[in-house]
Amino acid sequence: MGKISRRVFLKEGMAGVLALSVAPGLISCDLSDEKAAKKFKAAAPCVGKYDVVVCGGGPAGFIAAIAAARQGAKTAIIEKYGFLGGMATAGYVAPLSVFARNNELVIGGIPWEFVKRLEAMGGAFIEWPKANIDFDVELYKLCCQRMVLEAGVDLYMHSSLMGIETEGKRITKVVIDNKNGLETIAGKEFIDCTGDGDLAWMAGVPMQENPDGELQPCSFCFILSGVDTESPMLVECMYHDGVGGRHSQCVPVRKKLLQLKEAGADLPDFGGPWFNNVLRKGSVAVNITRRPADSTDNRNFTNAECQLREDIFKFVEALRENFKEFKDCYVASTAPQAGIRESRRIVGVHTVTSEEYVNGFRYEDSISRGIHPIDIHSSKGTGQVRIDLKQPAYVPYRALIAPDYPNLLVAGRCISTDREALASLRVQASCMGTGQAAGAAAAQCAARDVAVSDADIPALVATLKAWGAVL
């Protein structure tokens, strides 16, 4: 029956099933032992069998699930929160960037269909010529929920990924934990859209290592209300349209905060600041906080979030005291979690390099694209490296799969890239593009009963183009 590898967390009665320590944070149980298998089945019953199982309901995940289901695959999606949307809805990361260059779409298909449906609901404002998307967080949740359910996807919300059951390097089931207890979900194909590459890591897929060990910092975004959003300063900086050099960074506020820091004010490191349109007069989404953190380490990430929450209120006080536009402002809502720019990335069949990416190298198996600048935030200080692309870049299918893992794909920011290429591909529009490709490929491979490495690339590209993808 293979082996089950899962995180250390155990339900009562599981200890007798477990045996061998295999990796930090993981334990292994040999299910070829009939007694152990029986105990495990009783402790974690199988509650569903699917063609495609998507882990993570963020921008890559919910698009992947829709794509797979529309291809006729019986599809499930597992999400730790009670809503979909990932960094848009759990991190308040705004806007969704970037879908177009010079008014021409770079990311199309189901992702753009989602944008247009959200716009029709009154929940999106499209900033041409880049097609950055300002959005209403609550309508975003509703729109992607509707699209996923309309596609016939089964939802497993409020469910944490606890481990996997494998036969060799083939994943046969994932183990989840929710109010029903431990459960397993069986699948033919699995897609890791967790952002942190949790599923791939549990399966033992090798991960990229940054040469200096540094990670881009996390930012804890929040909604600030009581803001004079009709003032010239806010009108100038609330948009990411790129017109007249505007990128939503508020230069006057940045200069003043730097002056205060140099004068000895108790202000933390910051980015931007960026004030973003949330389609409601008097309110803005704020991206200003910055601290180094490892989202794959619970204690490290918890400590960083606690510090970041303190930082939010320090910055709000500084805004209130120094700018008339913010004199009546207050924190209306903080995101459910801090936004993550960088963590695990798989070592795939091919790793997208910055040289390939910046030069717009077109692969034989190109399945998605990107146009967001390479955007590297310093983990300390207030610096940022930004490299604008002269032409849209490409992503190969081989960056979505790992050698010798026959039924695992990844999408979103855990795909196989070097650090510089990631600094562009991590954004939400690009994540949606790779999610779309992964979902379509998974459905195809499940229907043909072949390994993901044997996907029919011309047929995959034809499917994506039929949906409106720009390849």
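Me: Why are Pro 458 and Ala 466 of helix α12 called exposed?

Reply: In this predicted model, where local features need pLDDT of at least 70, side-chain atom pairs count only at pLDDT 80 or more, and totals for chains, interfaces and linings use all residues, Pro 458 and Ala 466 are called exposed because that word means over 50% relative accessible area (buried is under 20%, partly exposed in between; 1.4 Å probe, protein chains only). Residues are numbered from 1 along each chain as its sequence is written, and side-chain values use heavy atoms, without hydrogens and water.

Me: Which residues of α12 are buried, and what puts them on the same side?

Reply: Within α12, residues 457–467, the buried ones are Ile 457, Leu 460, Val 461, Thr 463 and Leu 464. They lie on the same side of α12 because they cover an arc of only 160 degrees around the axis, taken from the directions from the helix axis to the C-beta atoms. These buried residues pack against β18 (366–370) and α11 (428–448), with contact meaning heavy atoms within 4.5 Å; helices (H or I, at least four residues) and strands (E, at least two) are DSSP runs, numbered from the N terminus.

Me: What makes Asp 456 a cap of α12?

Reply: A side-chain oxygen of Asp 456 lies 3.1 Å from the backbone nitrogen of Ala 459, at the N-terminal end of α12, and a polar contact asks for N or O atoms within 3.5 Å, one able to donate a hydrogen and the other to accept it (residues adjacent in sequence count only if both atoms are side-chain atoms). After α12 comes Gly 468, with a positive phi near 110 degrees.
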